[in-house]
Amino acid sequence: MKHRRNTLATAFLAAALCVAAGGAHAQSKIKVGLMLPYTGTYAALGTAIENGFRLYVQEQGGKLGGREIEYFKVDDESEPSKAVDNINKLIKRDNVDVVVGTVHSGVVMAMAKVARDTNTLLVIPNAGAEAVTGPMCAPNIFRSSFSNWQPGYAMGKVAGERGAKKVVTITWKYAAGDESVEGFKEGLKAAGGEVVKDLTLPFPNVEFQALLTDIAATKPDAVYAFFAGGGAVKFVKDYAAAGLNRTIPLYGPGFLTDGTLEAQGAAAQGMLTTLHYADGLDVPKDKAFRADYGKAYKMAPDVYAVQGYDAAQMLGIGLDAVKGDVSKRNELVAAMEKARIDSPRGAFTLSKAHNPVQDIYLRKVVGTENKSEGVAVKALADPARGCNM
Amino acid sequence: MDLAVFLVQCLNAVQYGLLLFLVASGLTLIFGILGVINLAHGSFYMIGAYLAYALAPLFAAQSGGGFPAALAIGVVLSIVFGYVLEWVFVSYLYERDHLQQVLMTYGLILVFEELRSIALGDDVHGVAVPGWLAGSVPLGGVMTYPVYRLFMSGVCLLVALALYAVIARTRVGMAIRAGASNREMVQALGVDIRLLYRIVFAAGVALAVFAGMLAAPVTSVYPGMGNQVLIVSFVVVVIGGIGSIRGALLASLLVGFVDTFGNVLVPQIAGVLVYVLMAVILLWRPEGLFRTG
């Protein structure tokens, strides 16, 4: 008898809880999980992305799709081995409606896998790994940044058009570097040049001297380098110290000179790079964004802040279409797919694989700025090889 | 590869090896003589690099672009720092097993990284090469070799000689060597072994900080820069024989050559070559090239 009463009571309790939860759901906040690097090499990037994301939400009065936003944060430490645990903290423990992250390509691969398995909405605000909008593409995975192929392809075209016939590439031996170099080769080939030598070194080694000597012995028309962060600073400085920059132009994707110019100093002056963002863009939205960002955070925004801002915009467009009801996933995704995002980088749309179709700018280093030299390739779409969506 | 290129590559190898030696010598001292596995050694290198970045503007007006002054101040600070660190933390580790030493020194890595992040942020910084060393020497047709790199190699060689002289030829060096083989006996003979250990640890820290400061203008300064150096340094210490300065020098040069020529000749497997070298040497001589004690 007693047992039965307990069962009954439990059933009532459960029912009551369900009702309460359901009721709360209708007006509750949308839970956004930010999985970004807050420590380690990429800490500054993670902070910039979050700042950009929050700025857009604040501009909308703290709401997207009519519902307030509640943030849940996890530091991914740019550590692929912890990625599955970390994203599960957001999905299973915090029950977030959408995950935004991250910077590191290896971490993002694990995140995309979990997002596919659990059908969680994922917006990637940086990592350019091609697979997530290639073989691993899915209706619930979006990217607000770029694919590694895009800036590489644009730089290849520019290098070829500037008369580079024989080019040496140099990068860390890892996915992002390989993908960027592949893009470069395609662009260069289309413009009549060819890559005569691929130099690589293990990630994250920064002892370049031996390879620089190799470049000097090969005497190419140009060098294409993919490095980021501390490695980018050291490579550009070593390249100049070896005297190579006087005779062999050094090209690269924007990451070679983004956020690193103060440290690179004179060594980087005059360098050409390609990226989907630049300083001194003639885009009204960019001027407003820079002013607002400066006011809110007392520092100048960078490309990462833009990508965070656009991640929030993309999500906002989807949520507006369903009036904040995240359970209408298909309509939400459809609205995001059709969106034209009014980005500070210039408006862009999304490809079928959910990667931005965007203008890639040619930029020249002047002082501590990557000044826009105009558009290198207009509305460049990633080939999204292997995506059947 | 023609002869000129080959010679330049040899220069690259020696130059890289000597810098490695500067970091690894401190590690081998602490590991070999104190018996402490010091994972925080890479952090000292990182601290040195950031110190060079932070001190550079303060001494810019001094002679030589302030570089010698900044180096001197950095070394003094690091000796004090190492002395205190040994007193407060490391001195409790001598009697403990290696696992506890690893835990403590790994904890120190996290603390130092976080303090660095709070004090100086997470940005990548550059340190200017002092003006009087900024030139370069022409080598072959296209390439030039920066004078600063040659200067660095010279300084590393001097430090290596000085270290060797102190350890092999002085009374302090004798006490240090004796302390490494039998702590109790040295104490019984009236040598203050605690003080001696404190000095050795401080010297080890100073060597790593000095290496970081010296390398800052060519490596640039960035978060996590110490971890990479730490791993290679351990390889050097193991190859050279734990506690042997001579071994560390030889092993550094070996690693320098293997790494440099590996990158050029067999880039596909360059990442593992140094570790293959270590494995082969350990198979041949499990104690490393030069054993001590």
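How do H7(A) and H1(B) run relative to each other, roughly parallel or roughly antiparallel? Keep that puzzle in mind while you look at this predicted model. The axes of helix H7 of chain A, residues 209-218, and helix H1 of chain B, residues 3-34, cross at roughly 165 degrees. H7(A) and H1(B) are therefore roughly antiparallel to each other, since angles over 145 degrees count that way. The points below take you through each chain and then back to the place where they meet.

**Chain A as a whole**

- Chain A contains 12 helices and 15 strands.
- Its radius of gyration is 23 Å, close to the 21 Å that the globule rule gives for 389 residues, so chain A is as compact as a globular protein of that length.
- If you draw a box along the principal axes, the C-alpha atoms of chain A fill roughly 90 × 45 × 40 Å.

**The domains of chain A**

- The domain assignment splits chain A into domain 1, made of 27-146 + 282-354, and domain 2, made of 149-275.
- The centres of domain 1 and domain 2 of chain A, taken over C-alpha atoms, are separated by 29 Å.
- Where these domains touch, domain 1 of chain A supplies eight residues and domain 2 of chain A supplies 12 residues.
- On the domain 1 side of that contact in chain A, you will find three nonpolar, three polar and two charged residues.

**Chain B as a whole**

- Chain B has 11 helices and two strands.
- Following the sequence of chain B, you meet the elements in the order α-α-α-α-β-β-α-α-α-α-α-α-α.
- The radius of gyration of chain B is 19 Å, which agrees with the value near 19 Å for a compact globule of 293 residues.
- Along its principal axes, the C-alpha trace of chain B spans about 65 × 50 × 35 Å.

**Inside chain B: helix H1 with helix H9**

- The axes of H1(B) and H9(B) come within 9 Å and cross at roughly 65 degrees.
- This crossing of H1(B) past H9(B) is right-handed.
- From H1(B), the contact uses Leu20(B), Val23(B), Ala24(B), Leu27(B), Thr28(B) and Phe31(B).
- From H9(B), the partners are Val229(B), Val232(B), Ser233(B), Val236(B), Val237(B) and Gly240(B).
- Sorted by class, the contact of H1(B) with H9(B) has nine nonpolar and three polar residues, with no charged residues.

**Where the two chains meet**

- The contact between the chains takes 32 residues from chain B and 33 residues from chain A.
- On the chain B side, the elements giving two or more residues are H1, strand E2 (143-146), helix H9 (225-240), helix H10 (245-265) and helix H11 (270-284) of chain B.
- H1(B) gives the most to this side, with five residues.
- The chain B side that touches chain A divides into 14 nonpolar, 15 polar and three charged residues.

**Back to the opening pair: H7(A) and H1(B)**

- The axes of H7(A) and H1(B) come within 9 Å, and H7(A) passes H1(B) in a right-handed crossing.
- Look for Gln209(A), Ala210(A), Thr213(A) and Ala217(A) in H7(A), which meet Val5(B), Val8(B), Gln9(B), Asn12(B) and Tyr16(B) in H1(B).
- The contact of H7(A) with H1(B) has five nonpolar, four polar and no charged residues.

How values were computed: Residues are numbered from 1 along each chain as its sequence is written. Chains are lettered from A and ligands numbered from 1 in the order in which they are written. This is a predicted model: local features need pLDDT of at least 70, side-chain atom pairs count only at pLDDT 80 or more; totals for chains, interfaces and linings use all residues. Domain bounds come from an automatic or database domain assignment. Two residues are in contact if their C-beta atoms, placed from the backbone, lie within 7 Å. Ala, Val, Leu, Ile, Met, Phe, Trp, Tyr, Cys and Pro count as nonpolar, Asp, Glu, Lys and Arg as charged, and the others, Gly among them, as polar. Axes are lines fitted to C-alpha atoms, for helices over the stretch in contact, and angles run from 0 to 180 degrees between N-to-C directions. Helices (H or I, at least four residues) and strands (E, at least two) are DSSP runs, numbered from the N terminus. Angles under 35 degrees count as roughly parallel, over 145 as roughly antiparallel, 65 to 115 as roughly perpendicular and the rest as oblique. A crossing is left-handed if the near helix is turned anticlockwise from the far one by less than a right angle, and right-handed if clockwise. The radius of gyration is taken over C-alpha atoms; the globule rule is 2.2 Å times the number of residues to the power 0.38.
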